Amino acid sequence: MNNPIVIIGAGLSGLHAASLLTKRGIKCRVLEARDRIGGRVLSNPNPNSPNLDKFDLGPTWFWPQYERTISNLVKELNLDTFDQYIKGAMLSERYHNEPPKRYILPENSVERSVRFVGGVQSLIDAMANTLPPGIVELEKRVTGIRLDHAGSITLEADLANGKREEVSASAVILALPPRIVACHIKFSPSLPTDLMTDLVNKPTWMAGQAKAVAIYDRPYWRESGLSGFATSWVGPLQEIHDASPETGSGALFGFFGTPVEMRRELGEDKILELVIDQLIRLFGPSAKDVSSILYKDWSRDFETAVDEDFNPLREFPIYGKPPQAGLWEKKIIFAGTENHSQYGGHLEGALQSAEQAVFEIVNLKNELL
């Protein structure tokens, strides 16, 4: 293995793979199309208080009672976490002209979930700090991967300055959503038909979704005995949770039930106006005293979503490893949360798929010795 292992994607899976390879003394490079690390992990500050808390616009939780990989990593990286706030009543909004109903959930009916102090970005940053400088290369969008008759791999990447770079690799870890691989990267020779079909048919987790976070001076709803958890058949948010930091300001975040086309037709300003109206209906007039509101529509993120992702998911997708890669077997290895059958869609799935990819790389290296 004279050439490095090239990892495409500096999200959680790609960074974890790079960290594991580096610890084993295996050369690697991480090529990332975005101008930041993290992929679908995105924790933004309150623009009015940028030096204080961060709020998750991507994944938010993990479940330590089930997810050992991320739990162990949190301890290893010495990261601070806290339990999701669930004390108090939940609200349910079923009809336009009826006030929301208030319910006290039975004790232990909600699974314990855990959040990161500083948002999930704190996990991304801590993992990046385990890597030597220069391993991660931003704004390098891989557009093609060639395999020649001698088995050598060459990647083509578009750079931010308009130039193009060719990169040699011993093997490639594709730490990207499967549909992004299928739609954005040209393989020569082509991938097997059944593999391409599998990639195209795997919905990208969160790609059709949008998320809004309303930030307040304090979590005032708790004073009324509310948990911040609400469900709605009215919208635009269909599920709402308390997104407050462990101390200090308050926040509510919600997932949208509004389809992609409708969100685009309404526009961001109107969407957020409707969000505040809904929060007022649910949590009272204090909801209008918002400090700021954050919004991320993942369907408009070119590095996350393709057209096929605009159809809303009706049920949890079937995720897992793709079929054999034919001529590309042992040359390309898939990682990322969509490639894990048990924890697909979770941070845990991203981490475990990275570990499996590195296991395959180590075995490949041993075969060549």
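The exercises below, each with a worked solution, concern the overall form, the enclosed spaces and two local sites of a predicted model.

Residues are numbered from 1 along each chain as its sequence is written. In this predicted model local features need pLDDT of at least 70 and side-chain atom pairs count only at pLDDT 80 or more, while totals for chains, interfaces and linings use all residues, and side-chain values use heavy atoms, with hydrogens and water left out.

**Exercise 1. Describe the secondary structure and the compactness of the protein.**

Step 1. The protein has eight helices and 20 strands, where helices (H or I, at least four residues) and strands (E, at least two) are DSSP runs numbered from the N terminus.

Step 2. The radius of gyration is 22 Å, close to the 21 Å that the globule rule gives for 369 residues, so the protein is as compact as a globular protein of that length; the radius is taken over C-alpha atoms, and the rule is 2.2 Å times the number of residues to the power 0.38.

Step 3. Along the principal axes, the C-alpha atoms fill a box of roughly 70 × 40 × 40 Å.

Step 4. Of the 369 residues, 53% count as buried, buried meaning under 20% relative accessible area with a 1.4 Å probe and protein chains only.

Step 5. Among contacts (heavy atoms within 4.5 Å) between residues at least 6 apart in sequence, 71% join residues at least 24 apart.

**Exercise 2. State how many cavities of 30 Å³ or more a search of the whole structure finds, and characterise their linings.**

Step 1. The search finds two such cavities; on a 1 Å grid over the protein atoms alone, a cavity is a set of points where a 1.4 Å probe fits but cannot get out, and lining residues have an atom within 4 Å of a point. Grid points are joined across faces, edges and corners, and a volume is the space filled by probe spheres set on the points.

Step 2. The largest cavity has a volume of about 40 Å³, and its lining consists of His 16, Ser 19, Leu 20, Lys 23, Leu 73, Glu 76, Leu 77, Met 127 and Thr 130. Helix 1 (12–23) and helix 2 (68–76) are the elements that give two or more residues to this lining, and helix 1 gives the most, with four residues.

Step 3. By class, the lining of the largest cavity holds four nonpolar, three polar and two charged residues, where Ala, Val, Leu, Ile, Met, Phe, Trp, Tyr, Cys and Pro count as nonpolar, Asp, Glu, Lys and Arg as charged, and the others, Gly among them, as polar.

Step 4. The second largest cavity holds about 40 Å³ of space and is lined by Phe 55, Asp 56, Thr 60, Arg 115, Ala 243 and Phe 253, which divide into three nonpolar, one polar and two charged residues.

**Exercise 3. Locate Thr 204 and list its contacts beyond its sequence neighbours.**

Step 1. Thr 204 lies in the loop between helix 5 (193–200) and strand 15 (210–216).

Step 2. With a relative accessible area of 3%, Thr 204 is buried.

Step 3. Leaving aside neighbours within four places in sequence, Thr 204 is in contact with Arg 40, Pro 177, Arg 179, Thr 304, Asp 309, Tyr 319 and Glu 338.

**Exercise 4. Identify buried residues of helix 2 and the backbone feature just after this helix.**

Step 1. In helix 2, Thr 69, Ile 70, Ser 71, Leu 73 and Val 74 are buried.

Step 2. Just after helix 2, Asn 78 takes a positive phi of about 60 degrees.

Conventions. 1 Å grid on protein atoms, 1.4 Å probe; cavity = no way out; pocket = protein on both sides within 12 Å on 5 of 7 lines; lining within 4 Å. Buried < 20%, exposed > 50% of the residue type's maximum accessible area, 1.4 Å probe, protein only.
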